[in-house]
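Biologist: Could you take me through the charged side chains here, one pair at a time?

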Amino acid sequence: MADDVRVEELARRTDTSVDTIRFYQKRHLLPPPRRVGRIAWYGAEHVERLARIRELQRQGFSLAVIRRLVEGELDPADEPLAAAVAGAQAGDAELLDLDELAARVGVPAALLEAVAREGLIVAQQRGDETGYTAADAEAVRAGLRLLEAGLPLPELLALARRHHDATRAIATDAVEMFDEHVRRPLRDSALTDDEKARRLVEAFRTLLPTVTTLVAHHFRSVLLEVAQEHLEAVGESSELAAASAEPGWELASS
């Protein structure tokens, strides 16, 4: 076709590197080019697909979700829900790589690698970019305060591992519950795709902060309860007196 171009020209026209175009092809985000002998030719559909990919990346979608969207594998009602999930993940405008995060909090990158392996901090993915946020930096600073208080690093990392595993299991159950009792009934309903999408996004935006608040409140309450039981069993009178002055102590004992 007269309008077909080589990969170098496609890269120039779309402001995309040749390596990125080939990466997208390997990830099945781009349809294969038309081949004449050993020469690959790209057409208007590739220009349009690259523009679509770039727009979806700006919305925060991962490449895995983008592939399903451009291939038409996701239900139309699911795209706004996926956008809401991506938007909730995005948070801070800036993503930091591990070295940048280490420099920001003033700790060796090797230590942060260990922390990340245990799930204490979790990298976010926005499009083809992966990194950490200012909230992760604050979480690391909180961990440093625990170390300064005298808690040993190996035991903290082991605790973080158990917490991550338990939290992920609970999160998986919560997502499956949302899918079974909210998403699937809405998708199977007679509502229009636009109305299904609106209700799905509304449900997600209501449930995410609600579940987050409930989990945080429950963990704090249980932590206080366990701390009180421990102090009542082994604590000195001066320790009990100091603890009883802390906010929430009375609630733990009630």
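Modeller: Let me begin with a term: helices (H or I, at least four residues) and strands (E, at least two) are DSSP runs, numbered from the N terminus. This is a predicted model, in which local features need pLDDT of at least 70 and side-chain atom pairs count only at pLDDT 80 or more, while totals for chains, interfaces and linings use all residues. Residues are numbered from 1 along each chain as its sequence is written, and side-chain values use heavy atoms, with hydrogens and water left out.

Biologist: How many salt bridges does the count come to?

Modeller: Side chains of opposite charge can pair when their charged atoms come close. A salt bridge is a side-chain nitrogen of Lys or Arg within 4 Å of a carboxyl oxygen of Asp or Glu. By this rule, the count comes to 18.

Biologist: With which residue does E195 form a salt bridge?

Modeller: E195 lies in helix α10 (residues 193-234), and its partner is three residues apart from it, about one helical turn. The closest N and O atoms of the pair are 2.7 Å apart, and the partner of E195 is R198.

Biologist: Which other residue of helix α10 is joined to R198 by a salt bridge?

Modeller: R198 is partly exposed (between buried, under 20% relative accessible area, and exposed, over 50%, with a 1.4 Å probe and protein chains only), since its relative accessibility is 43%. Four residues from R198 in helix α10, about one turn away, sits a side chain that meets R198 at 3.3 Å, N to O. This partner is also partly exposed, at 45%, and the residue is E202.
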